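Welcome to the tour! Open your viewer, get the selection tool ready, and follow along stop by stop.

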Amino acid sequence: MTNKPLKVGIVGCGAIFSTHADALKEISGADLFGACDIVPERAQTMAEKYGVRPFSKLSQMLPHVDMVTVAVPSGLHAQLATQAVKAGKITLVEKPIDVNLRKAEALVQLAKDKKVPLGVISQHRFAKDIQRVREAIQSGELGKLYQADVVVKWLRTQAYYDSGEWRGTHKLDGGCLMNQTVHYIDMLQWITGGVKAVQAMMKTAAHDMEAEDIAYALVEFKNGALGLIHGSTCCYPGFSERIEVHGAHGSVMLEGDTIRLWSIDPASVGNGKYGNGVNAQPTPNHSMHELAAGNPTGASDPTAIWGEQHKLQIQDFVDSVHSGKRPFIAGEDALEPLKIIRAIYKSASKKGRRIEVNP
């Protein structure tokens, strides 16, 4: 435990740097001290922007900081986080914890052995509407869970993948699952109680890169429900990610981090041949748009604003360091979504064979 503000150094001055740096300006208990990048010009640019010290090597920055935020390409996360943990530095890693499960597990164990606080960003868990849906499932409000799906249809052009040699590579980045869909895979397994097994197929359809840009996985959850994970970076013009859950008492649908449909009514579900007292054709097929129009639970959630969830998670992590309590999302919590993605990759490589997530 400590009462002094933590001196934080961010390693990796790429696209996500400013999200972390801006959050550190607004939270309490920590201050940004350094910007580190192997390209000195990038470190200098961010150092000048935020009034901090530039570094070109993590080893140079470590003696000057209490905490390190790792924001480099995904395949280097465990490597640099391990370096920070070995130096006894509080460590926060951007998603995913790494692309390699063995390296990720070793990092988590190292942090435990050295009693160094380790966190991994999964900021969507701080969205109020996602927390509300999890509560509805876990409390039984939704009834027995039948089905849960996540759909991420985003767009990334070839220029995006060409912007860095590491992008779209198996070793340093991964494809639409590891980079883009990982957050929502984590949300799906978190709100439902976990994934037991997957059966998958994927391909690289629209881009010149190693990793996949379209992936589908059938999902068997630990509670017996079934579902679907679909990720893509081929969908013009790009669409809001969706999570849809269906149980014995009704359905809930999220778009982005906001509830767009909340239809839980145990009495009406079984009333009539088609629900809601309907006994004749045509059956009532509803759209999210029409049902959300008068839906009070679909109101705008301030935690859905970009950057706000990062700020909430970073504040929670810093608070946990000062108090000595467990953070809302600890390092080991990031292993499960990585296990699911690795199982999906394995299934796809074996022509859709059923693969257990935790064999």
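Before the first selection, one piece of vocabulary: a residue is called buried when its relative accessible area is under 20%, exposed when that value is over 50%, and partly exposed in between. Keep in mind too that you are looking at a predicted model.

**Stop 1: the whole protein**

Show everything as a cartoon. You should find twelve helices and 14 strands. Along the principal axes, the C-alpha trace spans about 75 × 45 × 40 Å. The radius of gyration is 21 Å, which agrees with the value near 21 Å that a compact globule of 359 residues would have. Of those 359 residues, 53% count as buried. The chain also brings distant stretches of sequence into contact: take the contacts between residues at least 6 apart, and 67% of them join residues at least 24 apart.

**Stop 2: an open sheet**

Now colour the strands. Six of them form an open sheet in the order S3-S2-S1-S4-S5-S6, with parallel pairing. Which strands stand at the edges? They are strand S3 (53-55) and strand S6 (118-120); each has a single partner strand, so one side of each is left without a neighbour in the sheet. Turn the view to follow the twist, which averages 25° from one strand to the next.

Zoom in on strand S1 (residues 6-11) and strand S4 (residues 67-70). These two pair in the parallel sense over four bridges. To see a bridge up close, select Val-8, whose partner in S4 is Met-67.

**Stop 3: a helix tucked inside**

Select helix H4, residues 77-86. Seven of its ten residues are buried, so H4 is largely enclosed by the rest of the structure. Show these seven as sticks: His-77, Ala-78, Leu-80, Ala-81, Thr-82, Ala-84 and Val-85.

What covers the buried residues of H4? The cover includes the strands S1, S4 and S5 (90-93), along with helix H3 (58-61) and helix H5 (101-114). Before you leave, click on Gly-88 just after H4, where phi is positive, at about 80°.

**Stop 4: the nonpolar core**

Next, look at the inside of the protein. The largest nonpolar core has 73 residues, and the ones that touch the most other members are Val-11, Ile-97, Val-133, Ile-229 and Val-245. Helix H8 (residues 176-192) supplies the largest share of this core, with ten residues.

Pick Val-11 and display its surroundings. Leaving aside residues up to four places away in sequence, Val-11 touches Cys-36, Leu-58, Met-61, Val-68, Thr-69, Val-70, Ala-71, Val-72 and Leu-80. Apart from the largest core lies another one, of 26 residues, among them Ala-21, Leu-24, Ala-35 and Val-321.

**Stop 5: strands S8, S9 and S14**

Move to strand S8. Its pairing with S9 is antiparallel, with eight bridges; one to look for joins Ala-197 to Glu-220 in S9. Strand S8 also runs antiparallel to S14, joined by two bridges. Here, select Val-198 and find Ile-355 opposite in S14.

**Stop 6: following the charges**

Side chains of opposite charge can pair when their charged atoms come close. The structure holds 13 salt bridges, and Glu-220 is a good place to begin.

Which residue does Glu-220 meet at 3.9 Å, counting the closest N and O atoms? That partner is Lys-196. Glu-220 lies in strand S9 (residues 214-221) and Lys-196 in strand S8 (residues 195-203), so the pair ties together parts that are 24 residues apart in sequence. Glu-220 counts as partly exposed, at 23% relative accessibility, and Lys-196 is partly exposed as well, at 35%.

Glu-220 also forms a salt bridge with Arg-354, at 2.8 Å from N to O. Arg-354 sits in the loop between helix H12 (335-349) and strand S14 (355-356), so its pairing with Glu-220 in strand S9 ties together parts that are 134 residues apart in sequence. Arg-354 is partly exposed, with 36% relative accessibility. Select Lys-196, Glu-220, Arg-354 and Glu-356 together, and you have one network, joined by salt bridges that share partners.

For the final selection, go to Arg-326 and Asp-333. Their side chains meet in a salt bridge at 3.0 Å, N to O, and Arg-326 is partly exposed at 49% relative accessible area.

Note on methods. Residues are numbered from 1 along each chain as its sequence is written. This is a predicted model: local features need pLDDT of at least 70, side-chain atom pairs count only at pLDDT 80 or more; totals for chains, interfaces and linings use all residues. Side-chain values use heavy atoms; hydrogens and water are left out. A salt bridge is a side-chain nitrogen of Lys or Arg within 4 Å of a carboxyl oxygen of Asp or Glu. Buried means under 20% relative accessible area, exposed over 50%, partly exposed in between (1.4 Å probe, protein chains only). A nonpolar core is a set of buried Ala, Val, Leu, Ile, Met, Phe, Trp, Tyr and Cys residues joined through side-chain atoms within 4.5 Å. Contact means heavy atoms within 4.5 Å. Two strands pair if DSSP finds at least two bridges between them. Axes are lines fitted to C-alpha atoms, for helices over the stretch in contact, and angles run from 0 to 180 degrees between N-to-C directions. The radius of gyration is taken over C-alpha atoms; the globule rule is 2.2 Å times the number of residues to the power 0.38.
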